[in-house]
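Please read the following report on one molecular structure alongside its sequence and its 3D view.

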Amino acid sequence: MPDLIKLTTSSFLSYRMRSFLTALGIAIGIMAVILLTSIGEGLRQFVLAEFSEFGTNIITIQPGKTQTQGSNIGILGSVRPLTLDDADVLRHLPYVENVNPGLMGNADIRANGKTRRSTVFGEGHAFSEAFTMKVQSGSFWPDEDNEQARALVVLGAKVQQELFSGQNPLGSYLRIGGQRYRVIGVMEPKGQILGMDMDDAVFIPAARAMELFNRPGLMEINVSYRASADEKVVIRMITDRLKEKHGSEDFTIISQEQALEVLSSVLDVITFAVGALGGISLLVGAVGILTIMTMAVTERTSEIGLLRALGAQQRQILTLFLGEAMLLSSLGGFAGLAMGVGIAQVLHLFAPSLPVHTPWLFALLAELSAISIGLVAGVTPAMRAARLDPVEALHAE
Amino acid sequence: MIELAKVSRIFDVGDQQVAALRDIDLSIAKGDYVSIMGPSGSGKSTLLNMIGLLDRPSSGTYLLGGGNVTDLNDQQQAKVRSEMIGFVFQAFHLVPRLTASMNIELPLILAGIAVEERKSRVEELLKNYGLSDRADHRPDQLSGGQRQRVAIARATCMHPAVLLADEPTGNLDQATGKEVMNLLEELVAQQVALIVVTHDPAIGGRAHRQLHMVDGQIISESAKGVAA
């Protein structure tokens with residue numbers, strides 16, 4: 001066996017350029033598959049992590065009925081709005097832990113003579129419990145009647161830093177869109193979630209935000225439920241209760257599980273498409289190996305005749321050429337693996353927020369398929385080599 | 001050693017049948033030195049391939065070393081070739097990418113001989129043929145005579161009973177050709193049956209038995225020193 005490898009590599013080395021180009025075909029195929037699956041898998045993990053940043057067991061209700069996936073126009077306020085009343089009604093359903101009415105907008109925030117334009121979230125008092133958002137100091141406003149919502153504000157970490165330069169802002173006043181608010185809390189830094197900076201934001205009671213932005217309704221109501229509860233049951237209860245109140249189903253319920261499923265299937269399709277593309281490159285590589293091996297058999301016909309005269313059996317000739325094809329493809333496969341993983345890591349260096357992850361099973365499968373491609377592509381030429389008539393082969397030029 | 005009885009070889013050329021060998025009867029003993037001469041197309045190379053088990057008779061029987069080798073399958077033929085027969089060719093037929101020592105080693109590798117044994121045999125052959133300082137040279141770095149010496153070393157490394165040489169001096173100048181013939185003739189003294197195919201009377205005339213072929217038949221045999 002080692003002798004066979006020696007013989008095989010000798011022919012391999014003497015046609016360096018040609019072998020390199022052939023192996024390159026396989027390498028590019030494997031690289032494409034590995035690189036894109038690494039990123040695809042990384043992307044999946046990235047998005048899943050982002051999604052669960054807000055916590056799990058959350059159901060979102062938006063105004064307007066959508067028949068298909070995607071953002072609906074209810075957010076723009078052209079249908080019957082979801083009201084604070086709706087949110088209050090849902091609080092009394094079983095399994096429900098927290099109900100958080102929400103809307104958002106931008107406004108100038110002024111304090112200490114500085115002005116900053118930040119995102120203003122209108123939320124319920126249980127915001128920090130419903131989502132996994134921690135308050136660093138102070139607290140959210142108490143559970144109080146929506147009609148008499150007071151002008152209280154909780155600051156995001158960055159706003160606190162920018163406007164109060166690190167001083168304790170609790171009890172101070174600031175202006176949001178011209179109205180005076182008293183600071184009662186500061187959030188822990190949270191960073192970006194799905195592209196939105198949760199630290200460059202302030203949180204005020206939803207009723208005040210509706211007034212501030214002059215909106216008739218909420219953008220969404222988030223319901224968090226007990227982990228032990230069946231999501232489907234909770235969704236049905238919410239649907240029934242709101243239908244009863246509104247008279248018709250003029251709202252859309254989005255569950256996190258559904259969203260994750262959709263996302264997951266989209267990523268599956270992408271991964272599949274990428275795999276198919278890589279597969280095509282591998283096919284091209286296989287044709288390359290077939291071509292090169294056919295050429296090799298033709299070029300080395302007299303050598304094959306010689307080996308036969310020296311006592312080589314057909315089986316040994318077959319093994320020699322098959323070995324050469326497999327060596328080519330497996331080296332190509334390894335090069336492709338290295339390139340794929342390498343480029344993925346470089347990408348990760350330049351875009352740290354995109355995690356790359358190469359599943360080992362995938363790498364192994366890729367290498368195995370590279371080798372089997374060599375085997376399959378090499379069979380025909382190798383069989384031809386083995387079946388050559390020794391006398392004719394010897395005298396071939 | 002070699003017994004051919006009524007051996008014929010018929011080729012299909014288009015829709016015609018051409019007999020390259022017709023009813024050859026030939027017997028060669030251990031240590032015999034035989035030359036086969038004749039014009040091209042007389043069937044001398046076909047006879048050599050037949051004896052070397054690279055070809056099969058269309059009819060007749062072939063006994064080699066006491067065994068019937070007429071109808072061996074490919075694998076059995078290869079085994080007999082490996083163990084009993086050595087080839088030397090006009091064009092040397094060295095593998096260009098392999099060093100001299102690896103070229104000599106080839107039959108040993110194909111026969112599955114262990115590494116240490118191979119190394120020692122190759123080393124000895126390199127020394128015997130004055131190639132020790134050429135061991136790591138590739139064929140294109142060797143002279144014609146050196147190349148043919150490598151080929152002879154390769155042909156003898158399995159200690160064959162029969163050595164078949166097809167125009168061994170055809171690509172060499174006269175002086176080198178003579179040297180090569182001397183090396184081959186030394187093997188005869190070691191009881192190897194040497195069969196040389198040539199159309200050069202000067203080379204063929206050195207053999208103890210000289211066969212003359214025309215049209216696939218041996219038309220005459222003469223002994224050394226006797227005119228044909």
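The report below takes up chain B, its sheet, a helix pair, the contact with chain A and one residue of chain A.

This is a predicted model, in which local features need pLDDT of at least 70 and side-chain atom pairs count only at pLDDT 80 or more, while totals for chains, interfaces and linings use all residues. Residues are numbered from 1 along each chain as its sequence is written, and chains are lettered from A and ligands numbered from 1 in the order in which they are written.

Chain B has seven helices and ten strands, where helices (H or I, at least four residues) and strands (E, at least two) are DSSP runs numbered from the N terminus. Of its 228 residues, 47% count as buried, a residue being buried if 20 or more other C-beta atoms lie within 10 Å of its own, exposed if 12 or fewer, and partly exposed in between, with C-beta atoms placed from the backbone.

In chain B, an open antiparallel sheet of four strands follows the order S2-S1-S4-S5, and two strands pair if DSSP finds at least two bridges between them. Strands S2 and S5 of chain B stand at the edges with a single partner strand each, so one side of each is left without a neighbour in the sheet. Strands S1 and S4 of chain B run antiparallel and are joined by five bridges; B:Ala5 has B:Thr61 in S4(B) as its bridge partner.

The strands of chain B named so far span these residues.

| Strand | Residues |
|---|---|
| S1(B) | 2-13 |
| S2(B) | 16-28 |
| S4(B) | 59-64 |
| S5(B) | 67-68 |

Helix H3 (residues 100-110) and helix H5 (residues 144-156) of chain B pack at an angle of about 30 degrees with their axes 7 Å apart, the axes being lines fitted to C-alpha atoms, for helices over the stretch in contact, and the angles running from 0 to 180 degrees between N-to-C directions. That makes H3(B) roughly parallel to H5(B), a term for angles under 35 degrees.

Chains A and B also touch: the contact takes 19 residues from chain B and 17 residues from chain A, and two residues are in contact if their C-beta atoms, placed from the backbone, lie within 7 Å. On the side of chain B that touches chain A, H2(B) gives the most, with five residues.

In chain A, A:Ile343 is found in helix H10 (residues 314-350) and counts as partly exposed because it has 16 C-beta neighbours inside 10 Å. The C-alpha atoms of A:Ile343 and A:Leu35 are separated by 7.0 Å, although these residues are 308 residues apart along the chain.

Conventions
Parallel < 35°, antiparallel > 145°, perpendicular 65-115°, else oblique.
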